[in-house]
Amino acid sequence: SGLDGFTSDEGVYDFFISAAGIQDTWGNTGIGFDSDTWTVETTSPTVIDMTDVTPDPRNALVASVEVVFDEPIALASFTYADITLTRGGAAVTLNDSITMSLVSGNTYRINGLGAFTTANGTHVLTFHGNGINDLAGNVGLGEVHRFPYLLDDVQQFCPGVENLFRIAFLDELGFAGFVHG
């Protein structure tokens, strides 16, 4: 007790005490020593990146995405309740079939998104840090990041070609022609 004013800044602290030179009320000199080391870390965890959803736009669901924090987090504190997904501006109801896993370092994978990303539209995945804790117990702050992508499962006849001409067989006229479409 009494060290708060000296140990409130972030950092690693070493406290060492020696009984040598200390006497009890009968004049006996102390012997031995002890020490303790601790770290003070007060920075809230923050999402700094999410792997790009590629291709974008795409014609297939998104099964998982990876997200990078600025520091390691307590994995158990990161749940589906810490993200929201919208499609075309409307909320998509998520559930506990979405799970999180550690990839390595500060990178985590959000698994199980496939069932929620099958419909066409502009999807936006938003992270809410206020439920995510780092290893020191610091809580993240509010809405921290948004990641949009477009799902369009309309199969293109010839991807990448803007003016597409298809051959149409016109039986009534007895010839094949080109139809812009």
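Here are four short exercises with worked solutions on the structure above.

This is a predicted model, in which local features need pLDDT of at least 70, side-chain atom pairs count only at pLDDT 80 or more, and totals for chains, interfaces and linings use all residues. Residues are numbered from 1 along each chain as its sequence is written, and side-chain values use heavy atoms, with hydrogens and water left out.

**Exercise 1. The overall make-up**

Task: Find how many helices and strands the protein has, and what share of its residues is buried.

Solution: Start with the secondary structure, where helices (H or I, at least four residues) and strands (E, at least two) are DSSP runs numbered from the N terminus. The protein has 0 helices and 12 strands. Next, take burial, which means under 20% relative accessible area, with exposed over 50% and partly exposed in between (1.4 Å probe, protein chains only). Of the 181 residues, 27% are buried.

**Exercise 2. An open sheet**

Task: Work out which strands stand at the edges of the open sheet that contains β3 and β7.

Solution: First, recall that two strands pair if DSSP finds at least two bridges between them. The sheet has 4 strands in the order β3-β4-β8-β7, with antiparallel pairing. β3 (47–50) and β7 (99–104) each have a single partner strand, so they stand at the edges and one side of each lacks a neighbour in the sheet. Now look at one pair: β7 and β8 run antiparallel and are joined by 5 bridges. Within this pairing, Met100 has Ile110 in β8 as its bridge partner.

**Exercise 3. Thr107**

Task: Decide whether Thr107 is buried or exposed, and list what it touches beyond its sequence neighbours.

Solution: Begin by placing Thr107 in strand β8 (residues 107–111). Its relative accessible area is 16%, so Thr107 is buried. Then turn to contacts, meaning heavy atoms within 4.5 Å. Not counting residues up to four places away in sequence, Thr107 touches Glu66, Val67, Val68 and Leu102.

**Exercise 4. Thr84**

Task: Describe the surroundings of Thr84, and find which side chain makes a polar contact with its own.

Solution: Thr84 lies in strand β5 (residues 83–87). With 34% relative accessibility, Thr84 counts as partly exposed. Leaving aside neighbours within four places in sequence, Thr84 is in contact with Leu94, Val124, Leu125, Thr126 and His128. Finally, check for a polar contact (a pair of N or O atoms within 3.5 Å; within protein, one must be able to donate a hydrogen and the other to accept it, and residues adjacent in sequence count only if both atoms are side-chain atoms). The side chain of His128 is the partner, at 3.1 Å from the side chain of Thr84.
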